[in-house]
Amino acid sequence: MRALLVTSVGVTCAAALILPLATPALAAPPPHTVSAGPPPLSPESPGAGPPAVRTAGLPAADSAGSTQSLPLEPLAAPSDRVAGAGAAAGQGLERRTARPFSLVGVVWDDAKAELHGTVQVRTRATGSADWSDWQDVETHNAEHAADLGSDERSSGGVRGATAPLWVGDSDGVEVRVRPEPAGPRGRSATAPLPEGMRLELVDPGPDPAPGPAAETAPEPARAAPAGRSAAAAAFAVNPAPPTTPVVLPEVLTAESEAASAVNAELAPLGATFIPALTKGQTEEAATIAAGAKPYIGPRPGIITRKGWGADERLRERQFAYTKTVKAAFVHHSATGNNYTCKQAPSVLRSIYRYHVQSSGWRDFGYNFAVDKCGNIYEGRAGGVTKAVLGAHTLGFNTNTMGIAVLGSYSSTNPPAAAVTAVSKLTAWKLGLFGRNPKGKVTLTSGGSNKYKAGAKVRMNVISGHRDGFATECPGARLYKKLGTARTTSAKLQGR
């Protein structure tokens, strides 16, 4: 395994990720996880009204978010009305009420087991009787993970998982998982479903409270208008102190302080936003090799983990680094496009909780995220200027970074604002490490379904996830935009 660097604030160790990961054991649910499910509801009959809501015994929600983990049950043989003639029986849950949640996914015990089949869910909007249509959940999610042989992957807590799906504020759910029938991929029998499948219902919790308003500079004193006394003029220039209470600085937890301190050169401790810089300011602030031309794009504004409300108690406390950043892999989150930009922080908190508590990863998988309005977010903790080891492209996490565009872009065009944000982010971050966004780079595979471990692979400096793994990600429509992103990113660097 290639040498990696694991640190906590004030401590630096050259090691091969020898520190154990604090990942919750499979035998017991992690903090803020509810294992006992709510009572099921009887399915509606055609034309009937909604089933009665039964909430007795439902546990209270956690103010910072929570996860309900519900074991799947055998489903009755499907009918033409439910799943189509000839469909195989599977597992799932009939319609039932749950505590409010906004994101769903299915996990299972063995991270090496693949789910060959389909997963569909439908949900009920909170406080209503309206159920959504059936929605497909992306089942092939193993390619978004820590590399094989890494400590994060072999910690014993990693689980198999579908991609998460954002469904919005909901309090009812139904799910069905059908195995892939005989025939596809040369199978002579129906593919078995993984063992220990559970439905995860994630509540992202409330948005973080806004910080105190920024202080404004006092206006310069003005001469008193004619006819006003000196005393009146003095009061107008220097009014009485306000009677409202003074807002004291927030006291950060140790985990929040550590996640913020790694960005201390860019923004104050506890900042929710790292401000944008001009190209000249960026070049002045960047560390450029002596005599080298500073090919680097202007630093874009970045919403920090604190800005989107990451609960720093969930992640592994140490930060993991690699030596450099040679390339950027672009992804889509496959969580669907039914979110508003105002909801993007909630989507991120939900994915974060799903990655850590449901899937057993050490932290949020991607290094950065971009929403449909072009807002850029700090992802995995460790510092936005640093070579943080992610879990985004199985086989190629070392010396790369992962950028997830929130949404699904297989059949939907990505917004221009999101593609522009990818260009701005890569122009700056790749520039910090001397990389040309229009260039090529050689990466060593850690093992994937496309390249065996140890293979030397020539790739674009800005690549799509499918370039390193046989997958639909980042979606055909977003993948087609990467050429535009490369060209724009290089121009922003001054190339």
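**Group meeting talk: side-chain contacts in a predicted model**

Hi everyone, let me start with an arginine: Arg-124 is buried, and its relative accessible area comes to just 2%. Before going further, please keep in mind that this is a predicted model.

So what does Arg-124 pair with in a salt bridge? The partner is Asp-171, with 3.0 Å from N to O. The two ends come from distant parts of the chain: Arg-124 belongs to strand S7, residues 117-125, and Asp-171 to strand S10, residues 165-179, which puts them 47 residues apart. And is Asp-171 buried or exposed? Asp-171 has 14% relative accessibility, and because the cut-off for buried is under 20%, Asp-171 counts as buried too.

In total there are 12 salt bridges in the model, and I'd like to show you two others. One of them joins Lys-279 and Glu-283, at 2.5 Å from N to O. Both residues are in helix H3, residues 279-285, and since they are 4 residues apart, about one helical turn separates them. Here the surroundings are more open to view: Lys-279 is partly exposed at 26% relative accessibility, and Glu-283 is partly exposed, also at 26%.

The other one is Arg-305 with Glu-312, at 2.9 Å from N to O. Arg-305 is buried, at 1% relative accessibility, and Glu-312 is buried as well, at 5%. Which residues share this network? Through shared partners, salt bridges connect Arg-305, Glu-312, Arg-315 and Asp-363.

Now over to the rings. A pair of aromatic rings is described by how far apart the centres are and by the angle of the planes. This structure has 5 aromatic pairs. Take Phe-329 and Phe-396: their centres are 6.1 Å apart and their planes make 40°, so we call the pair tilted. Phe-329 is in strand S15, residues 327-332, while Phe-396 is in the loop between strand S17 (376-378) and strand S18 (400-405), so this pair ties together parts 67 residues apart in sequence. Both are buried, Phe-329 at 0% relative accessibility and Phe-396 at 1%.

Phe-396 has a further ring partner, Tyr-451, and this pair is edge-to-face, with 6.1 Å centre to centre and 90° between the planes. Tyr-451 sits in the loop between strand S19 (440-444) and strand S20 (456-460), so the pair ties the loop between S17 and S18 to a part of the chain 55 residues away in sequence. Unlike the buried Phe-396, Tyr-451 is partly exposed, at 25% relative accessible area. Elsewhere, ring pairs gather Trp-308, Tyr-352, Phe-364 and Tyr-366 into a cluster.

Rings and charges meet here as well. The charged end of Arg-176 is placed over the ring of Trp-134, 3.9 Å from the centre of that ring. Likewise, Arg-495 lies over the face of Tyr-295, 4.2 Å from the ring centre.

Last stop, the nonpolar cores. Which residues touch the most other members of the largest core? Among its 61 residues, those are Phe-368 and Ile-403. Leaving out residues up to four places away in sequence, the contacts of Phe-368 include Ile-302, Tyr-377, Val-384, Met-401, Leu-425 and Lys-429, and Ile-403 is one of them too. Apart from this core lies another, with 21 residues, including Ala-98, Phe-101, Val-121 and Val-167.

That's my tour, thanks for listening!

Methods. Residues are numbered from 1 along each chain as its sequence is written. This is a predicted model: local features need pLDDT of at least 70, side-chain atom pairs count only at pLDDT 80 or more; totals for chains, interfaces and linings use all residues. Side-chain values use heavy atoms; hydrogens and water are left out. A nonpolar core is a set of buried Ala, Val, Leu, Ile, Met, Phe, Trp, Tyr and Cys residues joined through side-chain atoms within 4.5 Å. Buried means under 20% relative accessible area, exposed over 50%, partly exposed in between (1.4 Å probe, protein chains only). Contact means heavy atoms within 4.5 Å. A salt bridge is a side-chain nitrogen of Lys or Arg within 4 Å of a carboxyl oxygen of Asp or Glu. Rings of Phe, Tyr and Trp (its six-membered ring) pair if their centres lie within 6.5 Å; planes under 30 degrees apart count as stacked, over 60 as edge-to-face and the rest as tilted. A charge sits over a ring if NZ of Lys or CZ of Arg is within 6 Å of the ring centre and within 35 degrees of the ring normal.
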